[in-house]
Amino acid sequence: MGKKAFITGITGQDGSYLTEHLLDLGYEVYGFARRNSVTEHQQTRIENLMNNVDLTYGDMLDQSSIDKLLKRVNPDEIYNLAAQSHVRISFDVPQFTVQTNALGVLNLLESVKINAPNAKIYQASSSEMFGNSRDADNMQRETTPMHPVSPYGCAKLFSYSLIRNYRKAFKLFASNGILFNHESPRRGANFVTTKIIKNAVLISKGKINTLELGNLDSKRDWGHSKDYVRAMRLILNHTEPDDFVISTGETKSIRDLCKIVFSKLNLNYEDHVKINPKYVRPDELSYLCGDCSKSKKILGWKPKYSFEELVDEMLEYFL
Ligand code: NAP
Ligand code: F7E
């Protein structure tokens with residue numbers, strides 16, 4: 001019989017790709033989803049997998065739901081992907097963000113300690129934890145100091161620290177993947193890659209004329225979600241629990257992305273992109289470029305998708 005994996009946040013971008021990856025490898029996949037008044041759209045990303053996964057209702061804020069699932073399933077591996085994952089929105093709903101992204105992880109760890117102490121835990125940590133900190137070579141890596149600049153980043157740093165603490169104090173197999181931005185056709189519509197690509201396509205078809213954005217000068221290290229979920233499994237199947245940066249090592253500005261996407265559609269972004277202060281954040285992380293040498297060396301991981309291929313796949317999807 002295959003290994004049993006429990007994925008929180010299974011209905012999200014990464015949850016859906018990770019489910020496909022683990023099913024391909026012969027895992028049994030269990031997940032939970034929150035109650036939502038519009039059930040029709042909630043499971044869109046995993047619709048084609050519903051016959052192959054065991055999906056129950058659950059919420060990171062409701063420890064009883066975590067307890068019940070762990071007692072029933074006793075999973076070998078737990079992937080904690082559930083989060084309020086939008087950085088700007090974390091300034092609008094800071095308490096919900098901190099409860100889910102920080103205290104939710106505490107709920108999970110406490111439940112694992114009692115109900116499934118042998119399960120391995122992957123925590124979806126984030127490059128947003130670095131804030132505006134980088135090393136002398138302009139890169140971020142596992143040892144770079146972390147000074148987050150958003151409620152989202154602060155909550156993720158709390159849960160990152162808890163994972164390390166429970167690893168040492170209670171000998172849990174608990175690991176952090178410090179993932180830089182990763183995208184795909186399944187990325188939510190209000191993240192900048194999807195927002196630019198989807199709206200540029202609408203502009204090219206004459207359906208709209210303007211795209212409103214915030215800060216065009218920040219830089220991000222963008223990879224493909226499919227590559228990054230492979231890394232999650234490698235992290236849990238390493239011989240010991242540890243923390244790993246997953247990134248591409250290349251960085252581009254939001255303005256670069258606009259230029260590339262609009263020119264692929266034979267358009268000039270300057271004719272269509274307008275700045276709306278509504279999308280500018282109270283504080284901004286201005287530069288990300290990750291050094292994933294440790295993951296390459298220890299896990300044998302490297303990205304298969306180039307930036308160009310990622311953009312082309314997303315463009316093709318929206319076209
Ligand atoms: P996503 O598409 O926003 O998915 C997040 C998932 O979490 C959704 O299934 C969501 O369910 C669920 N969720 C939210 N609040 C919950 C709660 N209180 N209880 C249970 N489930 C809850 O995010 P993603 O891009 O797949 O990212 C996956 C994880 O990696 C997140 O933890 C994110 O913070 C982290 N991360 C992402 C990136 C990236 O670039 N994508 C980089 C670094 C780290 P609903 O659909 O019902 O809201
Ligand atoms: O913004 C700028 C914005 O929302 C990227 C999450 O997956 O990655 C993601 O967080 C940049 C920022 O991603 C708009 O100011 C300009 O500088 O696509 P984003 P993010 O904030 O980097 C990290 C690693 C995570 O962990 C998170 O979960 O783009 N930007 N104009 C804009 N961003 C948005 N969303 N919308 C705009 O109109």
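This is a short tour of two ligands, an aromatic pair, a cavity and a pocket, with suggestions on what to select at each stop. Keep in mind as you go that the model is predicted.

**Stop 1: ligand 1**

Select ligand 1 and show the residues around it. There are 25 of them, and T11, D14, R34, S85 and Y152 are the closest. Colour this shell by class and you should find eleven polar, eight nonpolar and six charged residues.

Now switch on the backbone atoms. Where does a nitrogen atom of ligand 1 come 2.9 Å from a polar backbone atom? Look at M60, whose backbone supplies that polar atom. Next, pick L81: a polar backbone atom here is 2.9 Å from an oxygen atom of ligand 1. Then move to H182, where a polar backbone atom also lies 2.9 Å from an oxygen atom of the ligand.

How much of ligand 1 does the protein bury? On its own this ligand exposes 890 Å², and 89% of that is buried by the protein. To see which elements take part, highlight α1 (13–24), β5 and α6, the ones that give two or more residues to the shell. β5 gives the most, with three residues.

**Stop 2: ligand 2**

Move on to ligand 2 and select its surroundings. Of the 22 residues there, S126, Y152, S218, R281 and E284 come nearest. You have met Y152 already, among the closest residues to ligand 1. The shell around ligand 2 holds nine polar, eight nonpolar and five charged residues.

Show side chains this time, and try three distances:

- Y152: an N or O atom of the side chain is 2.7 Å from an oxygen atom of ligand 2.
- K195: a polar side-chain atom sits 2.7 Å from an oxygen atom of the ligand.
- S218: here the distance from a polar side-chain atom to a ligand oxygen atom is 2.6 Å.

Draw a surface over the protein to see the cover on this ligand. Ligand 2 has 700 Å² of accessible area when alone, and the protein covers 96% of it.

**Stop 3: a pair of rings**

Hide the ligands and show the aromatic side chains. Seven aromatic pairs are counted in the model. Zoom in on F130 and F180, whose ring centres are 6.0 Å apart. Why is this pair called tilted? Their planes meet at 40 degrees, so the pair falls in the tilted group.

Trace the chain outwards from each ring. F130 belongs to the loop between β5 (120–126) and α6 (151–170), while F180 is in the loop between β6 (173–179) and β7 (182–183), so the pair ties together parts that are 50 residues apart in sequence.

**Stop 4: the cavity**

How many cavities of 30 Å³ or more does the structure hold? It holds one. The space in the largest cavity is about 40 Å³. To find its walls, select R220, D221, W222, T248, E250, T251, K252 and F307. Four of these lining residues are charged, two are polar and two are nonpolar.

**Stop 5: the second largest pocket**

Finish with the second largest pocket, which has a volume of about 150 Å³. Its lining is made by Y17, E20, H21, D24, K226, D227, V229, R230, K304 and Y305. Colour α1 and α8 (225–236) to see two elements that each supply at least two residues of this lining. α1 may look familiar, as one of the elements that also give two or more residues to the shell around ligand 1. By class, the pocket lining divides into six charged, three nonpolar and one polar residue.

Notes. Residues numbered from 1 in each chain as written. Chains lettered and ligands numbered in written order. Predicted model: local features only at pLDDT ≥ 70, side-chain atom pairs only at ≥ 80, totals over all residues. Heavy atoms only, no water. Near = heavy atom within 4 Å. Polar contact = N/O pair within 3.5 Å; in protein donor to acceptor, adjacent residues only side chain to side chain. Areas by Shrake-Rupley, 256 points an atom, 1.4 Å probe, with all protein chains shown as cover. Nonpolar A, V, L, I, M, F, W, Y, C, P; charged D, E, K, R; others polar. 1 Å grid on protein atoms, 1.4 Å probe; cavity = no way out; pocket = protein on both sides within 12 Å on 5 of 7 lines; lining within 4 Å. Points joined across faces, edges and corners; volume = space filled by probe spheres on them. Phe/Tyr/Trp six-rings, centres within 6.5 Å; stacked < 30°, edge-to-face > 60°. Helix = DSSP H or I, 4+ residues; strand = E, 2+ residues; numbered from the N terminus.
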